[in-house]
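User: I've got a structure here and would like to talk through some local features. Can you walk me through them?

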Amino acid sequence: MAYDGIMLHRIKNILIDTIQGGRINKIYQISKYELLFQVRAQRQNYQLLISCHPMYARLQLTYLDYPTPESPNPLTMLFRKILEGSHIKEIEQAGLDRILKITFATRNELGDYIEYFLYVEIMGKHSNIILVNQDHKIVDSIKRITPSMNSERFLQPGAIYQLPPMLNKLDPFTADYIEDNQLNRIYQGMSPILSKEIVYRIDNHQNFHDIMKMIDHSDDLYLTTADHKEYFYLIELTHLHGETVKYPLFEGLDIHFHEIDQKERIKQQTSNLLKFISNEYQKNVIKLKKLESTLLDSQNSDEYRIKGDLLYSSLHLIHKGMDHIIVDNYYDNTQIDIALDPKLEPKANAQKYYQKYQKAKNSIQVLNEQIELTRKEIDYFDSLVTSMSQASYYDALEIKEELENEGYLKKKSKRNTIRKKQIPHFLSFITKDGIEIDIGKNNLQNDYLTFKHAHRYDMWFHAKDMPGSHVIVKAQNLDEYTIRLAAKIAAYYSKGRNSSSVPVNYTLVKTLKKPAGSKPGKVILDSYKTIYIDPDDTFLQEITEKK
């Protein structure tokens, strides 16, 4: 990760210019490792994101719309009680180490002036966010470190906060250049990847202090893709020889971390959801095999009737206490060995086989009904597995809501709250011809788009015989280009994403019907056409997201 002390130094200076002196309006804990501060400064609203994630710890201003919890947890309530309404007095960095100290000025309940300090430690798996009072006693932290976990430096309420041990290295902004292939061992705040870039540039006749000056004044972030991996820094990482795109600093950080954040947020907020869906799918697959095996046995139930007939015709040969008998099978002119219950009379043994025959015969209808229901359950959970594989944070929450509505998951009771029914968060794009294409990424979105949002003369697309998105094209008399584009989108957002020649059905919305009592996302097609398409993501270059 290239979020090193030198990058934090530049971000610190930008934060001083933008939010130092600002007022804290609201605080949210948006995930296990992240806090979001809403700051009012210089007549503008800012969002300060502070993360102590073991892999993606950082501090930045963000322009993304992060989902906020409906009810605060105890830590959030504590932070709000102390810091909401306070002002950011000062923002400092511990040398060029990845430790930032934010001083908040506020007043206590008696009106006395008081200060609190927030230490943001960006140190990989040891990253943390620690709130300290003016006596330098820890109020609380995102991660509590007990003496049993670390006897030298423990972080828990009431303990005295101490900075981690600092390494004695040179300041790259003031010290002279010392030739070495690993400059990060010599200079403060320098990551290995920046060290390689500086060495590469110096080998290409650039001056060390000019490079550091360029970094110190950079307001940009360069995202470089090399070997299918994305890197970032304040200057272009030319030594990677990859494809580079330049963005404003905080916008670039948002772009780089957005997809990572989405996946991490889904994992945290719906950690057991995918496991539950996968388990239900596998459970029904196993159940189907057992039902089909039982059905096969039941369909072969004539064997029980034949044995009963043969026993009745051979009663004179049977007596109580026998455990089997070999008799002539007049149905196929062979001999057959029939097992007997030695505790039963001859007639009772014959009657037992007739009972087995009748039971198996009666169970066939029930088994067929159960097999049909189980197959529907497999199709349903298969669709949810596909939806989860392509889900955003909101998509995942809607899938969870759907499972609650269908009775698979227990709803959490929310007392004294009235929740307004929200429109599902479906995707909406505009083609180069100005045509709107809407995409449902889960069953709730699919149902809403097809039966509430779409006009009856809009065109509906869906991958044939597999889970996938309902795609609505809000136009009539589509040309071949738009049909192929919509089909490619439907194939891409389906289980056949990684296949070739995926069949996609398309028809007018007015021809679709919702099966009575069916699960969300199910439709019946009256008449339709089918097109075969190779799915890929090139269509993203041909459409723009509708705002």
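Analyst: Sure, one bit of vocabulary to start: helices (H or I, at least four residues) and strands (E, at least two) are DSSP runs, numbered from the N terminus. This is a predicted model, so local features need pLDDT of at least 70 and side-chain atom pairs count only at pLDDT 80 or more, while totals for chains, interfaces and linings use all residues. Residues are numbered from 1 along each chain as its sequence is written, and side-chain values use heavy atoms, with hydrogens and water left out.

User: Where is N333, and is N333 buried or exposed?

Analyst: N333 sits in the loop between strand 13 (324-329) and strand 14 (334-339). Its phi is positive, about 55°, although N333 is not a glycine. Most residues other than glycine have a negative phi. Buried means under 20% relative accessible area, exposed over 50%, and partly exposed in between (1.4 Å probe, protein chains only). Because N333 has 72% relative accessibility, N333 counts as exposed.

User: And H205, what is its relative accessible area?

Analyst: H205 lies in the loop between helix 3 (192-203) and helix 4 (208-216). Its phi is positive too, near 70°, in a residue other than glycine. H205 is exposed, because its relative accessible area is 77%.

User: Which strands stand at the edges of the sheet with order 11-10-12?

Analyst: Two strands pair if DSSP finds at least two bridges between them. Three strands form this open, antiparallel sheet. Each edge strand has a single partner, so one side of each is left without a neighbour in the sheet: these are strand 11 (229-233) and strand 12 (243-248).

User: What is the bridge partner of Y222 in strand 12?

Analyst: Strand 10 (residues 220-226) runs antiparallel to strand 12, and six bridges join them. For Y222, the partner in strand 12 is K246.

User: Which residue caps the N-terminal end of helix 10?

Analyst: Helix 10 covers residues 443-453, and its buried residues include N443, Q445 and L449. At its N-terminal end, a side-chain oxygen of the capping residue lies 3.2 Å from the backbone nitrogen of L444. A polar contact is a pair of N or O atoms within 3.5 Å; within protein, one must be able to donate a hydrogen and the other to accept it, and residues adjacent in sequence count only if both atoms are side-chain atoms. The cap is N442.

User: Which residues does E398 touch?

Analyst: E398 is in helix 9 and is buried, with a relative accessible area of 7%. Contact means heavy atoms within 4.5 Å. Not counting residues up to four places away in sequence, E398 touches P424, H425, N442, L444 and Q445.
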